[in-house]
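Grab a coffee and work through these short exercises with the structure open beside you. Try each task yourself before reading its solution.

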Amino acid sequence: MKELEEYIRRFGTVKEGNVLKVDAFLNHQCDVALFDRMGEEWARLFAGKPVDKILTIEASGIGIACVAARHFNNVPVVFAKKYQSINLDGEQYATSIHSFTKQKDFHVIVAKKFLSAGEHVLLIDDFLANGCALNGLIEICEAAGAVVEGIGIAIEKGFQDGGASLRERGYDLQSLAIVDAMDPATGEIEFR
Ligand code: 5GP
């Protein structure tokens, strides 16, 4: 999506440690008109796929997933919740995820009542790096018996291995912008 690439070039900053900061429009201040056009693009890319529900992870996935849902017949959006520790009472699907940006592990849960066997799910998230967040969401879908119809990502960092490994496993992964290289010294960003 050319427009998203332009936003990244204009407003994004490249940090040390392979971190791209896009808090001017994506994950702190939110450009909802852009989110709307991203949702439109995912609807085009996943046209014809049955989608009963969108699943994302807090916090930054929530905004884009909710706006995207407007383009998927207003299906419900469920977000996996993060906790430092959890007491499982059998009412939740749970897994643990390593956070790339915070460099620590989180437990994430989804209430069983919000994800059911046979439901067709679209996964949405802001970034794809090593794939830990998505692998956690996929694990939760598997535990529920839900079908992952596709994965919509705003920004994939193509130089990290999450995207390649998900595509190898056969997932329909659609990233709206793929960064193949970025340089914190010059701020230069190269797109696929
Ligand atoms: P992964 O689990 O694929 O390694 O990383 C994806 C998650 O980490 C996303 O949910 C996102 O919140 C965060 N993340 C990974 N890389 C970046 C980055 O370069 N910039 C920002 N802002 N978040 C990132």
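**Exercise 1: A serine in a strand**

Ser99 belongs to strand β5, which spans residues 92-99. Keep in mind that this is a predicted model.

Task: work out whether Ser99 is buried or exposed, and find which backbone atom its side chain reaches.

Solution. Start with accessibility: Ser99 has a relative value of 9%. The cut-off for buried is under 20%, so Ser99 counts as buried at 9%. Next, follow the side chain: it gets to the backbone nitrogen of Lys102, at 3.0 Å.

**Exercise 2: Around the ligand**

Task: find where the ligand sits, which elements build the shell around it, and which polar atoms lie close to its own.

Solution. Step one, the location: the ligand is in the largest pocket.

Step two, the shell. There are 16 residues around the ligand, and Leu20, Ala129, Gly131, Ala133 and Lys157 come nearest. Sorted by type, the shell has eight nonpolar, five polar and three charged residues. At least two residues each come from β2 (19-21), β7 (120-128) and α4 (132-144). The top contributor is β7, with four residues.

Step three, the polar atoms:
- Gly131 uses a backbone N or O atom, 2.7 Å from an oxygen atom of the ligand.
- Asp125 places a polar side-chain atom 2.8 Å from a ligand oxygen atom.
- Asn27 has a side-chain N or O atom 3.3 Å from a nitrogen atom of the ligand.

Step four, the cover: on its own the ligand has 500 Å² of accessible area, and the protein covers 89% of that.

**Exercise 3: Backbone oddities**

Task: which peptide bond is cis, and what is the phi of Asn18 and of Gln103?

Solution. Take the peptide bond first: the one from Glu58 to Ala59 is cis, with omega near 0°. Ala59 is in the loop that links β3 (53-57) and α3 (60-69).

Now the phi angles. Asn18 isn't a glycine, yet its phi is positive, about 65°. Asn18 sits in the loop between β1 (13-15) and β2, and is partly exposed at 36% relative accessible area. Gln103, also not a glycine, has a positive phi of about 55°. Its loop runs between β5 and β6 (104-111). With a relative accessible area of 52%, Gln103 is exposed, because the cut-off is over 50%.

**Exercise 4: Apart in sequence**

Task: how far apart in space are Asp180 and Phe191, C-alpha to C-alpha?

Solution. Locate Asp180 in strand β9, residues 173-182; Asp180 is partly exposed, at 26%. Then go 11 residues along the sequence to Phe191: the C-alpha atoms of the pair are 5.4 Å apart.

Notes
Residues are numbered from 1 along each chain as its sequence is written. This is a predicted model: local features need pLDDT of at least 70, side-chain atom pairs count only at pLDDT 80 or more; totals for chains, interfaces and linings use all residues. Side-chain values use heavy atoms; hydrogens and water are left out. A residue is near a molecule or strand if one of its heavy atoms lies within 4 Å of it. A polar contact is a pair of N or O atoms within 3.5 Å; within protein, one must be able to donate a hydrogen and the other to accept it, and residues adjacent in sequence count only if both atoms are side-chain atoms. Accessible areas come from the Shrake-Rupley method with a 1.4 Å probe; for residues, only the protein chains shown count as cover. On a 1 Å grid over the protein atoms alone, a cavity is a set of points where a 1.4 Å probe fits but cannot get out, and a pocket is an open set with protein on both sides within 12 Å along at least five of seven lines; lining residues have an atom within 4 Å of a point. A molecule sits in a cavity or pocket if more than half of its atoms lie within 2 Å of its grid points. Ala, Val, Leu, Ile, Met, Phe, Trp, Tyr, Cys and Pro count as nonpolar, Asp, Glu, Lys and Arg as charged, and the others, Gly among them, as polar. Buried means under 20% relative accessible area, exposed over 50%, partly exposed in between (1.4 Å probe, protein chains only).
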